[in-house]
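Student: I have a structure open in front of me and would like to learn how to read it. Could we go through some of its features together, one after another?

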Amino acid sequence: FTGRTDIWQVITAHIQLRPYLGDGFGAYWTGNNPLTESYEMVIRLYFYPTEGHNGYLDVTNDLGFAGMLCLLGYLILYLRQCMRLLTVERTQAALYLALFFQQLILNLSESCWFNGLRVEFVVMTLATFAMGRDLVQRRFSAFFPEPRLRASAAVRLTDRG
């Protein structure tokens with residue numbers, strides 16, 4: 001009902017022009033201008049959608065199959081880190097997994113992977129860094145445990161406060 005499949009057909013045909021490296025990031029959706037390649041949307045669909053309404057198609061259109069391969073690598077590493085964190089911190093890992101699956105499903109109908117203006121992109125980016133930092137901190141604490149205060153030093157600290 002929303003015309004997404006028509007948009008996907010136009011983008012799929014455009015991907016075939018430069019399948020390996022794509023047009024370049026943000027090079028396709030440059031505006032409703034008759035001199036741009038994306039104006040094909042206006043000619044065929046009679047409106048300009050400003051995005052492909054599919055994150056995977058937009059990544060392939062912008063960055064080609066090389067970019068899609070990088071995105072798949074990121075997703076596999078993210079899932080792998082979630083599984084590693086799941087063994088030590090179940091609630092935090094469950095949150096990261098929920099974000100992962102939400103992004104997988106959301107990008108089937110919207111383009112969020114590289115849109116820095118969308119909250120979903122920002123949340124996924126923060127989750128990626130937070131999960132990585134937590135795993136690195138756990139790895140370092142196995143080799144460099146935090147020093148413990150002696151009982152007499154702990155008593156002196158509590159007496160002051």
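Student: Where is the place of cysteine 82?

Tutor: Before I answer, please keep in mind that this is a predicted model. Cysteine 82 has its place in helix H3.

Student: Is cysteine 82 buried or exposed?

Tutor: The general idea is to look at the relative accessible area, where a residue under 20% counts as buried. Cysteine 82 has a relative accessible area of 0%, and therefore it is buried.

Student: Which residues does cysteine 82 touch, not counting residues up to four places away in sequence?

Tutor: With those neighbours set aside, cysteine 82 touches Ala93, Tyr96, Leu97 and Met131. Ala93, Tyr96 and Leu97 are among the buried residues of H4, while Met131 is one of the buried residues of H5. A C-alpha distance can be read alongside such a list: cysteine 82 and phenylalanine 100 are 18 residues apart in sequence and 9.2 Å apart in space.

Student: How should I read the length of a helix, and what span should H4 have?

Tutor: The idea is to count 1.5 Å a residue and to set the result beside the distance between the end C-alpha atoms. For the 17 residues of H4 the span should be 24 Å, and because the end C-alpha atoms are 24 Å apart, the two agree. In H5, which has 25 residues, the span should be 36 Å, and the end C-alpha atoms, at 37 Å apart, agree with that.

Student: Which residues of H4 are buried, and what covers them?

Tutor: The buried residues of H4 are Ala93, Tyr96, Leu97, Leu99, Phe100, Gln103 and Leu106, and what covers them includes H3 and H5. On the other side of that contact, the buried residues of H5 are Met124, Ala127, Met131, Gly132, Asp134 and Leu135, and these pack against H3 and H4.

Student: At what angle do H4 and H5 pack?

Tutor: A pair of helices can be described by the angle and the distance between their axes, and here H4, residues 90–106, packs with H5, residues 119–143, at an angle of about 145 degrees, with the axes 11 Å apart. The crossing of this pair is left-handed.

Student: Which residues of H4 and H5 meet?

Tutor: From H4 come Gln92, Tyr96, Leu99, Phe100, Gln102, Gln103 and Leu106, and from H5 come Glu120, Val123, Met124, Ala127, Ala130, Met131 and Asp134. Sorted by class, this contact holds nine nonpolar, three polar and two charged residues.

Student: Which residues of H1 are buried, and where on the helix do they lie?

Tutor: In H1 the buried residues are Ile7, Val10, Ile11, His14 and Ile15. A useful approach is to look down the helix axis: the buried residues of H1 fall within an arc of 140 degrees, so they line one face of the helix. They pack against helix H2, residues 40–45, and helix H3, residues 55–86.

Student: What is the relative accessibility of leucine 69 and of arginine 84 in H3?

Tutor: Leucine 69 lies in H3, and its relative accessibility of 61% makes it count as exposed. Arginine 84 also has its place in H3, but at 35% relative accessibility it counts as partly exposed. Leaving aside neighbours within four places in sequence, arginine 84 is in contact with Leu135 and Arg139. Between the C-alpha atoms of arginine 84 and leucine 135 there are 8.3 Å in space, although the two are 51 residues apart in sequence.

Student: What sign does phi have in most residues other than glycine?

Tutor: Most such residues have a negative phi. With that in mind, consider tyrosine 46, whose phi is positive, near 70 degrees, and histidine 53, whose phi is also positive, about 55 degrees. Tyrosine 46 is found in the loop between H2 and H3, and so is histidine 53. Their surroundings contrast, as tyrosine 46 is exposed, with a relative accessible area of 71%, whereas histidine 53 is buried at 17%.

Student: Where does glutamate 110 lie, and which residues is it in contact with?

Tutor: Glutamate 110 lies in the loop between H4 and H5, and with a relative accessible area of 17% it is buried. Apart from its neighbours within four places in sequence, glutamate 110 is in contact with Arg4, Glu51, His53, Asn54, Gly55 and Arg118.

Definitions and conventions:
Residues numbered from 1 in each chain as written. Predicted model: local features only at pLDDT ≥ 70, side-chain atom pairs only at ≥ 80, totals over all residues. Heavy atoms only, no water. Axes fitted to C-alpha atoms, helices over the stretch in contact; angles between N-to-C directions. Helix = DSSP H or I, 4+ residues; strand = E, 2+ residues; numbered from the N terminus. Left-handed = near helix turned anticlockwise from the far one by under 90°. Contact = heavy atoms within 4.5 Å. Nonpolar A, V, L, I, M, F, W, Y, C, P; charged D, E, K, R; others polar. Buried < 20%, exposed > 50% of the residue type's maximum accessible area, 1.4 Å probe, protein only. Arc of directions from axis to C-beta. Expected span 1.5 Å × (residues − 1).
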